[in-house]
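Work through these short exercises with the structure open. Try each task before reading its solution.

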Amino acid sequence: MLYPQTFGNNPLFPQACDFAVVPKDNNSGFGVITHRHFKAGDLLAVVSGEIVPDIRQHTLQVSSNEHMYDPYFTGYLLHSCEPNVSLDMKKKTLRALTDIPAGTYLYMDYAETEDTLFKQFGCCCGSASCRGWITGRKETSPHVVMEQHDVARTH
Ligand SMILES: [Zn+2]
């Protein structure tokens, strides 16, 4: 199991035989790869973590004032604008959105769970629907802010 024993013994928690947290590249840091093939819709794992009141690195938002701190698994999921997994923070489940071959990095869309990101960033996921600059779902892109500023200045 990737989680410490204190999290309990749920057999659906991510297992070390199924997943590994591995270095990706200099830009992305670590990511999670799967050692197993999953089909679209499959449950990959039930996730867990300490509930904390603030956003940190490796937290996932549960509600407006609850964040799950998981520095063992979920906190290392990479971002893509065309993700292959989806995280349900109410049910604490991670599901496959597409078929995922063994040896593949897992990608979620950070805006799926986060109102505000720990840190906004430029995305180079390369998907056709790439948003370019990644923010939380309730944040405004700085480009939009600048455009509104320009409009305000010319009036
Ligand atoms: Zn992208």
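**Exercise 1.** How many residues lie between β5 and β6 in the hairpin they form?

Solution. The model is a predicted one. Find β5 and β6, which make a hairpin. Two residues separate these strands. Next, look at the pairing: β5 and β6 are antiparallel, with four bridges. Use T59 as a check on the register; Y69 in β6 stands opposite T59.

**Exercise 2.** Work out the strand order of the open sheet that has three strands, and explain what is left free at its edges.

Solution. Start with β4 and β6 (residues 66-69): three bridges join these antiparallel strands. Here M68 in β6 faces I51. Now add the pairing of β5 with β6. The order is β4-β6-β5, and the pairing is antiparallel. β4 (50-52) and β5 (59-63) are the edge strands; each has a single partner strand, so one side of each lacks a neighbour in the sheet. On average, neighbouring strands here are turned by 35 degrees against each other, direction ignored.

**Exercise 3.** Which residues have the most contacts inside the largest nonpolar core, and which strands each supply at least two of its residues?

Solution. The largest nonpolar core holds 25 residues. F73 and V85 have the most contacts inside this core. The strands that each supply at least two core residues are β3 (43-46), β8 (85-88), β9 (93-96) and β10 (107-108). Finally, trace the contacts of F73, setting aside neighbours within four places in sequence: L2, P14, F19, V32 and V47. For background, nonpolar side chains tend to be buried together in soluble globular proteins.

Methods. Residues are numbered from 1 along each chain as its sequence is written. This is a predicted model: local features need pLDDT of at least 70, side-chain atom pairs count only at pLDDT 80 or more; totals for chains, interfaces and linings use all residues. A nonpolar core is a set of buried Ala, Val, Leu, Ile, Met, Phe, Trp, Tyr and Cys residues joined through C-beta atoms within 7 Å. A residue is buried if 20 or more other C-beta atoms lie within 10 Å of its own, exposed if 12 or fewer, and partly exposed in between; C-beta atoms are placed from the backbone. Two residues are in contact if their C-beta atoms, placed from the backbone, lie within 7 Å. Two strands pair if DSSP finds at least two bridges between them. Axes are lines fitted to C-alpha atoms, for helices over the stretch in contact, and angles run from 0 to 180 degrees between N-to-C directions.
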